[in-house]
Amino acid sequence: VDVTQKPKGEYDVIIVGSGIAGLTCGALLSKRGYKVLVLEQHHKVGGYCSSFKRKDFVFNTGVENVSGLWEKGPVTYLLKELGFKKDELFAKNRMKYIFKGKEIDASNLEEFIKVLLEMFPEEKDNICAFFDEAKKAYEECYKDLVYGVPLPAELIVKVFGAKKLLDYPKEHPHFFDWMNKTYKQKLDEFFTNEDLKTLLCALLGYLGTKPEETRASSALTAVVSYYLHGGYFPKRGAQRFADRLKEFIECNSGKVLTRHRVDKIIVEKGEVRGVRVGNKIFKSPIVVANANAKTTFLELVGEENLDRDFVEYIKKLKMSPSCFMVFLGVDMDLSSYPTIIENLDEGYSIAINSNDSGLAPKGKASITILTGANYHDFPERGTKEYLERKKEFAEMLIKKAGKIIPNLSKHIVVQDATTPKTLERYTSMPEGAIYAFDQSINTKRPYFKTPIKGLYLASASTFPGGGIEAVVISGIICANDIYGWNRRGCKDGNENRKN
Ligand SMILES: Cc1cc2nc3c(=O)[nH]c(=O)nc-3n(C[C@H](O)[C@H](O)[C@H](O)COP(=O)(O)OP(=O)(O)OC[C@H]3O[C@@H](n4cnc5c(N)ncnc54)[C@H](O)[C@@H]3O)c2cc1C
């Protein structure tokens with residue numbers, strides 16, 4: 001594809017969906033001179049990384065705790081590439097776990113280890129050995145990153161050559177070991193105390209998997225990373241991060257159109273030609289699908305354009321779990337509370353914001369309580385049964401949270417709630433899945449390069465999975481591949497280079 005010879009008025013790249021992977025990819029390509037068009041069905045950008053307002057309070061539709069913002073983290077890399085300042089966009093969370101009635105400060109590793117040593121003195125050496133190995137494995141995963149992000153095996157071969165992949169186990173011995181075990185196996189390797197193991201699974205909700213079906217390396221990057229480097233809250237709400245990416249694209253000659261639902265990705269002779277929105281056609285030799293991969297292949301591309309085995313594979317992919325959230329604006333100053341509390345005893349997590357004037361007026365707080373929920377447990381939206389189920393869930397969560405925030409129910413100024421069906425409605429994500437496909441060791445996500453020439457995936461549906469850090473990685477990989485891996489030894493390094 002020679003983008004320098006594009007017909008006037010058309011686009012180099014069209015991105016279907018404005019989730020963070022789509023916006024990341026679009027921002028990086030527009031920085032490199034590509035003419036980018038982002039089409040979003042909703043009236044605002046961000047997908048799961050957005051916010052909404054009720055009276056004086058702002059709530060996030062999901063994102064409250066972001067990883068990858070340490071020195072070598074992929075989100076830090078993206079911010080630097082785009083000239084954004086980390087401190088303007090993110091604030092470090094104060095985290096606490098509640099386990100067997102005990103409150104455990106998990107805001108930084110030293111404090112956390114100190115509490116663990118007090119709680120489990122008989123496991124002292126094992127705790128130190130576990131974190132020592134975890135740190136080594138984590139460092140290895142992020143070492144020598146030429147493009148700011150870890151790459152999947154296929155890309156290591158493509159970008160650096162087969163030898164690099166063959167040498168991977170030798171160069172990354174600890175991380176490689178974590179790649180080949182489950183998180184349960186790793187925990188069993190170090191510990192005997194079951195309570196300690198349970199506590200170290202406190203954040204497994206960030207993957208939506210059980211320890212025995214979680215790849216230890218996934219737990220390392222999506223869970224243990226919060227112990228090592230902390231998690232961050234998007235200042236003034238998650239929408240702001242998405243909006244900044246949108247503005248970047250627009251400032252670099254790109255276009256972002258909301259309320260534009262793509263009905264079809266146009267494919268001719270196995271190659272992508274553009275997209276159709278209603279009866280309007282937008283042409284482009286490259287389309288990046290940020291919409292989830294099931295919708296992308298089964299509805300937008302259409303089975304008729306795909307191999308039958310591939311269609312079967314996509315159809316069979318299991319979705320990750322969903323959740324129920326209740327949003328509360330309260331007239332209480334909760335600034336002394338941690339910003340994130342994971343209550344393992346009662347099975348919910350709570351995000352509390354009293355210090356961010358962009359989210360709640362002074363002396364008040366914006367609160368989100370979240371618990372796992374099954375899509376199929378909720379009847380059809382709008383029905384009496386659905387509203388009852390929603391009320392039931394909200395009351396149950398408010399009651400539970402009232403145990404850690406006394407008199408909570410008496411101070412509610414505004415209240416709203418989200419079910420798996422709401423999540424599905426606003427993002428078209430099947431079953432309102434939090435992380436697109438199931439993230440267990442048994443699920444193989446589709447590769448970001450699709451069987452259709454010119455059609456790419458950049459989203460939680462592809463490598464490495466769900467979560468802001470992961471989808472930023474996906475967006476960076478996709479942009480680099482379109483741009484051409486700018487490195488000697490790369491087979492098709494210059495194929496799509498702009499200048
Ligand atoms: C409740 C909840 C809490 C979460 N909390 C955190 C957290 O604290 N930290 C963290 O790191 N991650 C969190 N996540 C996960 C994280 O938000 C997601 O993994 C990530 O935002 C997904 O990004 P994405 O780029 O894959 O796109 P998505 O956010 O899935 O967005 C896809 C976009 O495509 C659009 N779209 C779909 N179909 C079409 C179409 N046909 N035409 C046009 N547009 C279309 C959708 O409207 C949507 O805007 C949470 C997720 C949820 C649901």
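In the predicted model, a polar backbone atom of Ile20 is placed 3.2 Å from an oxygen atom of the ligand. Two further backbone contacts accompany this one: a nitrogen atom of the ligand lies 2.8 Å from a backbone N or O atom of Asn65, and a polar backbone atom of Ala460 is found 2.8 Å from an oxygen atom of the ligand. The ligand taken alone exposes 1,000 Å², of which the protein buries 96%. Among the secondary-structure elements, those contributing two or more residues to the shell around the ligand are helix H1 (20-31), strand E14 (322-330), helix H16 (420-427) and helix H17 (468-483).

The shell comprises 37 residues in total, and the closest of these to the ligand are Glu40, Tyr48, Asn65, Gly467 and Ile468. By residue class, the shell is made up of 19 nonpolar, 15 polar and three charged residues. Residues of the shell are supplied both by domain 1, which is assembled from the segments 3-52, 64-71, 76-84, 235-318 and 435-483, and by domain 3 (320-431), so the ligand lies between these two domains.

Aromatic contacts were examined next. The count of ring pairs in the model comes to 29. In one of them, the ring centres of Phe59 and Phe327 are 5.6 Å apart and the ring planes meet at 50°; because an angle that is neither under 30 degrees nor over 60 is classed as tilted, the pair is assigned to that category. This pair links distant parts of the chain, given that Phe59 belongs to strand E4 (residues 57-60) and Phe327 to strand E14, with their positions 268 residues apart in sequence. Phe59 has a relative accessibility of 1% and therefore counts as buried, while Phe327, with a relative accessible area of 0%, is likewise buried.

A second tilted pair is formed by Phe378 and Phe393, whose ring centres are separated by 5.1 Å and whose planes are inclined at 50°. Phe378 is located in the loop between strand E17 (365-373) and helix H15 (384-401), whereas Phe393 is part of helix H15 itself, so that the pair ties together parts lying 15 residues apart in sequence. Both Phe378 and Phe393 are buried. Beyond these individual pairs, one aromatic cluster is formed by Tyr97, Phe112, Phe130, Phe131, Trp178, Phe190, Phe191 and Tyr227.

How values were computed: Residues are numbered from 1 along each chain as its sequence is written. This is a predicted model: local features need pLDDT of at least 70, side-chain atom pairs count only at pLDDT 80 or more; totals for chains, interfaces and linings use all residues. Side-chain values use heavy atoms; hydrogens and water are left out. A residue is near a molecule or strand if one of its heavy atoms lies within 4 Å of it. A polar contact is a pair of N or O atoms within 3.5 Å; within protein, one must be able to donate a hydrogen and the other to accept it, and residues adjacent in sequence count only if both atoms are side-chain atoms. Accessible areas come from the Shrake-Rupley method with a 1.4 Å probe; for residues, only the protein chains shown count as cover. Helices (H or I, at least four residues) and strands (E, at least two) are DSSP runs, numbered from the N terminus. Ala, Val, Leu, Ile, Met, Phe, Trp, Tyr, Cys and Pro count as nonpolar, Asp, Glu, Lys and Arg as charged, and the others, Gly among them, as polar. Domain bounds come from an automatic or database domain assignment. Rings of Phe, Tyr and Trp (its six-membered ring) pair if their centres lie within 6.5 Å; planes under 30 degrees apart count as stacked, over 60 as edge-to-face and the rest as tilted. Buried means under 20% relative accessible area, exposed over 50%, partly exposed in between (1.4 Å probe, protein chains only).
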